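Me: Please take a close look at one part of this model: how the domains meet. Start with the strands, then work towards the contact.

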Amino acid sequence: MSSSVPTVWPGTPYPLGATYDGAGTNFSVFSEVAERVELCLIGKDGSEERIDLDEVDGYVWHCYLPTISPGQRYGFRVHGPWDPANGHRCDPSKLLLDPYGKSFHGEFKWGQALFSYDLDAEDPASGGTPPRVDSLGHTMTSVVINPFFQWANDRAPRTPYHETVIYEAHVKGMTQCHPGVPEELRGTYAGLCHPAIIDHLKSLNVTAIELMPVHQFLHDHRLVQLGLRNYWGYNTFGFFAPHYEYAATKHAGGAVAEFKTMVRTFHEAGIEVILDVVYNHTAEGNHLGPTLNFRGIDNAAYYRLLDEDKRFYKDFTGTGNSLNARHPHTLQLIMDSLRYWVQDMHVDGFRFDLAATLARELHDVDRLSAFFDIVQQDPVISQVKLIAEPWDIGEGGYQVGNFPGLWTEWNGKYRDTVRDYWRGEPATLGEFASRLTGSSDLYEATGRRPSASINFVTCHDGFTLNDLVSYNEKHNEANGEDNRDGESHNRSWNCGVEGPTDDPEINALRTKQMRNIMGTLMVSQGTPMISHGDEIGRTQYGNNNVYCQDNELSWMDWSLCEKNADMLEFTRRVTRLRRDHPVFRRRRFFEGKPIRSGVQMRDIAWLTPAGEEMTIDDWGHGLGRCVAVFLNGDAITAPNARGERVVDDSFLLCFNAHDHPLEFVTPPDTYAREWTAELDTAHPTGAADLVVKAGETISLQARSLLVMRKTA
């Protein structure tokens, strides 16, 4: 950076952030409350050069510097009112990060410099005069990036929802211990798209990888003091920047090109990239949090404040604050961020963390809120995958089934029902049937299809699949909160012993239960999601909240591929079964009646162990844990992408959640004359060697799922 004062041109208010055009850089930042804004150029030696932004249009402060190129570090200082009682917290002693920053450099050095109140004050909420300790040298800096990238012939896979299998993963956790990934690439974007990882995903028939947060995030002060880290990353302060710690390329701005290379590589393999995004809150926390960017730029615009006392923040997320999606500039930031990740970074969709928070207009969750309206009409965002985590912690925050027609949802009811069914809870048979067939009770009324249900039984938040069948209680002592954190009602069952055991019968039951759950997931209508490592029996030793555990407890142990090879083979077998048979991934809901004139066989039928159709009394049986489902492959009404009729084999799914074997009679020959078993969870790899005639009796093993295909 030259020591001379750079040439300053007026520039333009849009686009916001720092935009390099090949000749110079336009800088633009929004602040309605500001009385003066300074652009601060930071030299490699830590020196600072301040430039007053004299141009202001619609509360957007801007300039253009023809001499500034990629790699330049910068920040802003905002002069304005310090008036917490009215929601204003301007503090020009703080070098503020660009809300539209595409990359960041350096690290946070926790201490007084990052806070706008006296850390030793008896009443820090009083809103007294801030100590004015300069944060330069203690905070990260924003970095001008090179936006140009050789995408070659990159094309989005655009896999239809009904053909999608999602794999939820963590960039670092997925790669940190993989022996096939070069050591220097482990824990990085480059490591995640290494052939060793892609080959594994392809073997599982995965079509989309859903990445836990990769937006630039902060390691909380409290966790750092405890020697822990914000491993999960749900603590964003940069909604446009890929998290710098996940880049093997360590120079300033290098994470951007590396992330793009990762996306391009996944696309070449036919795998979509979905981002878990956290627009519901930021890393600045409540009134006791640091001043990093939003708080110091325009606190009242970016955050939901308490009406009765604007010193404090509304908190629908349990993290200290909630982003104010009602404000037009905050809403613009969210939408600009989403478009940037689609248009510039080529991602294929988003999973919205605590999405109900974004729908809160005043207090209640409003499915017609401004956020949903603007997403619906956006020509870019409306065309990618949009997945809601349809709840937050506020009143009325559980909104499964209530999102607009464009959206799919993490189906928490599916998760709970499948867990309850296989652990033997009574009176869940009817609910189980609804979840197995795509949850039409939740999604059909809004014009959605079965794929609107993102079916999952485990995810990053909670027990792994292995732990779900190995622990009754959470064991989160390592988190430093006396085991108070994490969900206490897990709907889990340890099969008789808490934690690891040498008992072969218990271990055999546990692995069978894992197969039952994975098998159910893959034969259910809807869009399945696998949590990373479940296919090889990953364990967190009973910790159901490893958000702060950046270590072997949370990383994937790839040696389990050999140790639990049977589970891996089973997962490959059942995902292949789903891939090869459209009857398990119908585009439309079942109708339960003859489909065409002259065809008496319905698209679905529910059968008792006696091979007879279920009656109302059968559904109402409080201890019903055994059911068979006939799926008619000749009654798929939705055509394929070319308008051709889809015809598949017919299947019989036999579920037995009892703790003892049951005699099951195959249905009469009006359904089929002969059935051949395709999957049996009683076998370690799911392999089956069974051919039966209509009306024959078979022994359905205790706690098992048998999938049979019509062969005559």
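Reply: A definition first: two strands pair if DSSP finds at least two bridges between them. Note also that this model is predicted.

Take β18 and β19. Strand β18 covers residues 385–388 and β19 covers residues 408–410. They run parallel, joined by 2 bridges. That count meets the cut-off of at least two. One residue pair to look for is Ala388 and its bridge partner in β19, Glu409.

β18 and β19 belong to a barrel. Its 8 strands close in the order β12-β13-β16-β17-β18-β19-β20-β21, with parallel pairing. On average, neighbouring strands there are turned by 30 degrees against each other, direction ignored.

Now the other sheet. This one is open, with 6 strands and antiparallel pairing. The order is β22-β23-β24-β29-β26-β27. β22 (604–607) and β27 (691–693) sit at the edges. Each has a single partner strand, so one side of each lacks a neighbour in the sheet. From one strand to the next, the twist averages 25 degrees. Within this sheet, β26 (residues 674–680) and β29 (residues 704–710) are antiparallel and share 5 bridges. Leu679 has Val707 in β29 as its bridge partner.

Two helices pack on this open sheet. α9 touches β23 (626–631), β24 (651–656) and β29. Its direction makes about 65 degrees with that of β24. α13 touches β24 and β29, and its direction makes about 40 degrees with that of β29.

Next, the domains. The domain assignment gives domain 1 as 162–281 + 322–557 and domain 2 as 584–710. Their contact takes 33 residues from domain 1 and 31 residues from domain 2. Over C-alpha atoms, the two centres are 31 Å apart.

The size of an interface is often given as the accessible area lost when the parts come together. Here domain 1 and domain 2 bury about 2800 Å² between them. Carbon and sulfur atoms account for 64% of that area. Polar links are found too: 8 residue pairs are in polar contact, both residues at pLDDT 80 or more. Salt bridges across the interface number 0 by the rule.

Which elements give two or more residues to the side of domain 1 that touches domain 2? They are α9 (412–422), α10 (429–436), α11 (440–443) and α13 (504–523). α13 supplies the largest share of that side, 9 residues.

So back to the helices on the sheet: α9 packs on it, α13 does too, and both are among the elements on the domain 1 side of the contact.

Notes:
Residues are numbered from 1 along each chain as its sequence is written. This is a predicted model: local features need pLDDT of at least 70, side-chain atom pairs count only at pLDDT 80 or more; totals for chains, interfaces and linings use all residues. Side-chain values use heavy atoms; hydrogens and water are left out. Helices (H or I, at least four residues) and strands (E, at least two) are DSSP runs, numbered from the N terminus. Axes are lines fitted to C-alpha atoms, for helices over the stretch in contact, and angles run from 0 to 180 degrees between N-to-C directions. Domain bounds come from an automatic or database domain assignment. Contact means heavy atoms within 4.5 Å. Buried area is the accessible area (1.4 Å probe) that two parts lose on being put together, summed over both. A salt bridge is a side-chain nitrogen of Lys or Arg within 4 Å of a carboxyl oxygen of Asp or Glu. A polar contact is a pair of N or O atoms within 3.5 Å; within protein, one must be able to donate a hydrogen and the other to accept it, and residues adjacent in sequence count only if both atoms are side-chain atoms.
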